[in-house]
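Colleague: I'm about to look at this one for the first time, so could you walk me through a few places in it?

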Amino acid sequence: MDTALALNSQQIYVILKALFLAVLGVFVFYKFSLLLNKKFSIIWNKQAGLMAEKFTFYTGLVLIAMLVLHQLGFKISALLGAAGILGIAIGFASQTVVSNLISGVFLLSEKTFQVGDQINVDQFKGIVLSIDLLSVKLRTYENHLIRIPNEVLLKHNVVNVTHFPIRRCDIPISVGYGETVAHVKEVLQRIISNNKHALQNPKPLVVFESFDASSLAFKIGVWAVKEEFMDLKQSLMEEIKITFEKENIEIPYAYQNVILKKE
Amino acid sequence: MNDGMFNRKDIFTVLNHVHSVEKECVYNLELGSLHLWFQFIQDECRVAFKYEEKDEDLCAFNRLSDFPSQLKLKRYIAAKSFNQFSLNLVFPDKSIVVGSENPVSILPRKRALFFVSIPLFVKLAVQDNKIEEFSTLIRPKTWFGDPMSGELCYALKTHAKREFEEFPERPFRAICPIKIKNNSGEVLNFEKICLSPKHLMLFQGKIHFWGNQVEVNYEGEKIETSISYSQEIPKHESDLIKKCAPREVATESIFRRTFDHLKLWV
């Protein structure tokens, strides 16, 4: 009975020690990974910080697990051997994971986008929430979460619409054939110069583009800082409609005349 | 403090002074294109403003019983009730792009002095706490530099001039002298100047407001250009009084690598 009790005390001590190591280890690695995130974010960028944090934390967890198992009396060398065989088996079975992992490294090194950027991939458009080891998470404008595997991002064209500080807003405009080109251009220039979101430089474009089937096609290209892009677009569209009505400039629309003949 | 239309002298009894708050009274400042209304109710300050580009000479201070209708009010809440307020003129918060009347070329080892008239901001403050800053003129925005790495600035309608007397007397504009020295062996060409007013001090004279002199030393296309801000009172007008410290103190010369073709960063 005494021996059994003594053994139990010994076991309890070992278990408590292992538990303490596990808790302390997780806490230390958690704090250390957060610190690395902060430092890497300052030195490089947010996603480098996130990657450093996750890599450090998960590596730490593996190390702590091995340490705890060692404390509990497991033979680590035998476990590592088994893990090696298991690793090969898992490696064959997880080619996609490895492909995504390597794609993630390339994505990071290319720095095509970072957390907070607005990107278009395939049919998806949204704001980058996180760049992880296996995937990139986007928040769409409809507030959906989309997970795109890194491999897909590497294979498809990615458009980063907020990479540069300013953007050009192109708006096609059609007017009737009865309008004077110079008058339309003058009105469009006036609308642009009165818009509070439009930048004076780079100079806005007002171009007479083509003779279409039932209209004269113009295009304006106006620059704004990326944060005001949507405000610029909306205000220009509204102002064009209002001013064209005031100036009696016709915005043509498709219609058909049906002529009924009485025999 | 008087009400109604002000001449230039009178407006200085309103601007850059501390005033006691009159309860329930709606104050109205009209300066340049800015129409500003504000009211203090206990621990709350209500502010409304609009811009009208009609009369740049507009200069008035009134007391009203209520805000004009259809104005969007902004409310600022403080822990204590407001007893005093001030309206101070300050330099703008962003860089300013000003063109020269014609493209300018400064010959090797020659210097030139230019004057730029900068529209000031009005800072509404209570007990040294800023509530909001308002531009006295409508501020068209522009981009200075290339579309990948330039700077967002305000665009000025006026040009840099060689004689400051050409600028009309305005109680909401400050003249900043810019001395450009071409120390290189090549001709320096430019048609636009980008001036950062964050290091400028504001001085008040009898005729104009002034900023301290900026000195630009151009050493060549591939060498950094040094920019220094004089700590002395400008000498173009006598009896100047310092009214405002710079937003950011320039401790030593600032170096700009970019001396873009036809664009001068100051």
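Modeller: We can go through a sheet, a threonine and some aromatic rings, keeping in mind that this is a predicted model.

Colleague: Fine, the sheet in chain A then: in what order do its 5 strands come?

Modeller: They form an open sheet in the order β4-β3-β2-β1-β5 of chain A, with antiparallel pairing, and the edge strands, which pair on one side only, are β4 (145-149) and β5 (158-160) of chain A.

Colleague: And how many bridges join β1 to β5 in chain A?

Modeller: Strand β1 (residues 118-121) of chain A is joined to β5(A) by 3 bridges, and within that pairing A:Asn120 has A:Val159 as its bridge partner.

Colleague: Switching to chain B, is B:Thr136 buried or exposed?

Modeller: B:Thr136 counts as buried because its relative accessibility is 0%, and it is found in the loop between β12 (129-135) and β13 (141-144) of chain B. A polar atom of its side chain lies 2.6 Å from the backbone oxygen of B:Leu120.

Colleague: Now the rings: how are B:Phe38 and B:Phe85 arranged?

Modeller: Their centres are 5.2 Å apart and their planes stand at 70°, so the pair is edge-to-face. B:Phe38 lies in strand β4 (residues 34-41) of chain B and B:Phe85 in strand β8 (residues 84-90) of chain B, so the pair ties together parts that are 47 residues apart in sequence.

Colleague: Which aromatic cluster do they belong to?

Modeller: Both are in one aromatic cluster with B:Tyr27, B:Phe40, B:Phe61 and B:Phe82.

Note on methods
Residues are numbered from 1 along each chain as its sequence is written. Chains are lettered from A and ligands numbered from 1 in the order in which they are written. This is a predicted model: local features need pLDDT of at least 70, side-chain atom pairs count only at pLDDT 80 or more; totals for chains, interfaces and linings use all residues. Side-chain values use heavy atoms; hydrogens and water are left out. Two strands pair if DSSP finds at least two bridges between them. Helices (H or I, at least four residues) and strands (E, at least two) are DSSP runs, numbered from the N terminus. Buried means under 20% relative accessible area, exposed over 50%, partly exposed in between (1.4 Å probe, protein chains only). A polar contact is a pair of N or O atoms within 3.5 Å; within protein, one must be able to donate a hydrogen and the other to accept it, and residues adjacent in sequence count only if both atoms are side-chain atoms. Rings of Phe, Tyr and Trp (its six-membered ring) pair if their centres lie within 6.5 Å; planes under 30 degrees apart count as stacked, over 60 as edge-to-face and the rest as tilted.
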